[in-house]
Amino acid sequence: MTLDIMMPFYGRVDHFKLAVQSVLAQDDPDWRLVVVDDVYPDLSAGEWLVGLGDDRVTYLRNEENLRPSRNYRKCVGLMQTEFAVIMGCDDIMLPGYVRRVKELTARFPHAAVIQPGVEVIDADGQVSHPLADRVKRRYMPRGARPLEISGEAAALSLVRAAWFYFPSLVWNVERLRRHEFRADLDVTQDISMVLDLVEDGGSVVVDDEVVFRYRRHAESVSAVTGPDGSKFAQERTVFAEADRDLRAMGWNRAARAARWHLSSRLHALADLPKAIGPGKSVGRRRLLRHVFGGLDPA
């Protein structure tokens, strides 16, 4: 089974090259890499990629900047295999990623999403253990790995904390195409999509063999949109809709967890010191509203 690796590109060229080189270094060579350049101003990344001369690598450059969600949609449209990953252009695949993913898809062929084992690195590539990731580990489903969860148990786990790492996820393409990444959510479209798949009857598989390095750094979209409160405004939308939809399905424990979204409130509280200072009043108000306010009607 060939694995499609879709890589939306807009970011540091040095990180991008490391990401591509990590794909080229896979110990299972049966993969296809498609880079979708979202009109990044520096053309050297595409020139370098084309110069590799590897038939498994395709480079496409958008005619206009689509921004994250619409570029993800384009990537989904380009997928040709049964399972695929939308890899971050600053992340790293360890050499056994493709091999391990194939083992997991063979064992769980009907899973909607597979979360391989991940470790976090900083901007310089050093293994890191930030507070956010220590919290993710605490909220991850417990049990012998690999572990498959579905139904209300999966929804409950996900709304308690978005413990997965989007750029490492392996998607069941048929199931993924039943839904669409939302253009109104350019930071939290991942949790919205995974919840949609679970509500649609899909399962999530969690593994602990580390085969992927997720880069967390100050220039990432999540890092920038936390202190200004915009990420949490989007989370409020996701949780309000989850509360409504899960109650309609009779998954009341999961709906209640979405309504409370405790870990998200605590995350906003942790970001509050970054929103103190001149010119940061809007972000400060957004964060305080998220910490202490209720949900807007969905």
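User: In this predicted model, which strand holds N172, and is N172 buried or exposed?
Analyst: N172 is found in a strand that covers residues 170-172, and this strand is β8. The relative accessible area of N172 is 6%, and since buried means under 20%, N172 counts as buried.

User: The side chain of N172 has a polar atom close to a backbone oxygen; to which residue does that oxygen belong, and what is the distance?
Analyst: Leaving out residues up to four places away in sequence, N172 touches E82, F83, P109, H110, A111 and A112. One of these, A111, offers its backbone oxygen to a polar atom of the N172 side chain. The residue asked for is therefore A111, and the distance is 3.2 Å.

User: Where is H15 placed, and is H15 buried or exposed?
Analyst: The place of H15 is in helix α1, which covers residues 13-24. With a relative accessible area of 2%, H15 falls under the 20% limit, so the word for H15 is buried.

User: Which backbone oxygen lies 3.1 Å from a polar atom of the H15 side chain?
Analyst: When neighbours within four places in sequence are set aside, H15 is in contact with C89, D90, A123 and R215. Among these partners, the one whose backbone oxygen lies 3.1 Å from a polar atom of the H15 side chain is A123.

User: Which backbone oxygens does the side chain of R145 reach at 2.8 Å and 2.9 Å?
Analyst: R145 is found in the loop between α5 and β7, and with a relative accessible area of 26% this residue is partly exposed. The side chain of R145 reaches one backbone oxygen at 2.8 Å, that of P141. A polar atom of the same R145 side chain lies 2.9 Å from the backbone oxygen of G143.

User: What distance separates the C-alpha atoms of R145 and V206?
Analyst: R145 touches M140, V206, D207 and D208, not counting residues up to four places away in sequence. R145 and V206 are 61 residues apart along the chain, and the separation of their C-alpha atoms is 6.8 Å.

User: How many salt bridges does a search of the whole structure find, and why does the one between E119 and R213 tie together parts that are apart in sequence?
Analyst: The search of the whole structure finds 23 salt bridges, and in one of them the side chains of E119 and R213 meet at 2.5 Å, N to O. E119 lies in strand β6 (residues 113-121) and R213 in strand β9 (residues 204-215), so the pair joins parts whose separation in sequence is 94 residues.

User: Which loops are tied together by the salt bridge between R178 and D200?
Analyst: The closest N and O atoms of R178 and D200 are 3.4 Å apart. R178 has a relative accessibility of 47% and counts as partly exposed, and D200, at 36%, also counts as partly exposed. The pair ties together parts that are 22 residues apart in sequence, because R178 lies in the loop between α7 and α8 and D200 in the loop between α8 and β9.

User: Which residues of helix α6 are buried, and what do they pack against?
Analyst: Helix α6 covers residues 151-160, and its buried residues are A154, A155, L156, S157, L158 and V159. The elements that these buried residues pack against are α5, β7, α8, α10 and α11.

User: How are α6 and α11 arranged relative to each other?
Analyst: The axes of α6 and α11 come within 8 Å and cross at roughly 10°. Angles under 35 degrees count as roughly parallel, and that makes the arrangement of α6 and α11 roughly parallel.

User: How do the residues of the contact of α6 with α11 divide by type?
Analyst: On the α6 side the contact is made by E152, A155, L156, V159 and R160, and on the α11 side by N252, R253, A254, A257 and A258. These residues divide into six nonpolar, one polar and three charged.

User: At what angle do α8 and α10 pack, and which types of residue make the contact?
Analyst: The axes of α8 and α10 are 11 Å apart and the angle is about 10°, so these helices are roughly parallel to each other. The contact is made by I191, S192, L195 and E199 of α8 and V238, A242, D245 and L246 of α10. By type, the residues of this contact are five nonpolar, one polar and two charged.

How values were computed:
Residues are numbered from 1 along each chain as its sequence is written. This is a predicted model: local features need pLDDT of at least 70, side-chain atom pairs count only at pLDDT 80 or more; totals for chains, interfaces and linings use all residues. Side-chain values use heavy atoms; hydrogens and water are left out. A salt bridge is a side-chain nitrogen of Lys or Arg within 4 Å of a carboxyl oxygen of Asp or Glu. Helices (H or I, at least four residues) and strands (E, at least two) are DSSP runs, numbered from the N terminus. Buried means under 20% relative accessible area, exposed over 50%, partly exposed in between (1.4 Å probe, protein chains only). Contact means heavy atoms within 4.5 Å. A polar contact is a pair of N or O atoms within 3.5 Å; within protein, one must be able to donate a hydrogen and the other to accept it, and residues adjacent in sequence count only if both atoms are side-chain atoms. Axes are lines fitted to C-alpha atoms, for helices over the stretch in contact, and angles run from 0 to 180 degrees between N-to-C directions. Angles under 35 degrees count as roughly parallel, over 145 as roughly antiparallel, 65 to 115 as roughly perpendicular and the rest as oblique. Ala, Val, Leu, Ile, Met, Phe, Trp, Tyr, Cys and Pro count as nonpolar, Asp, Glu, Lys and Arg as charged, and the others, Gly among them, as polar.
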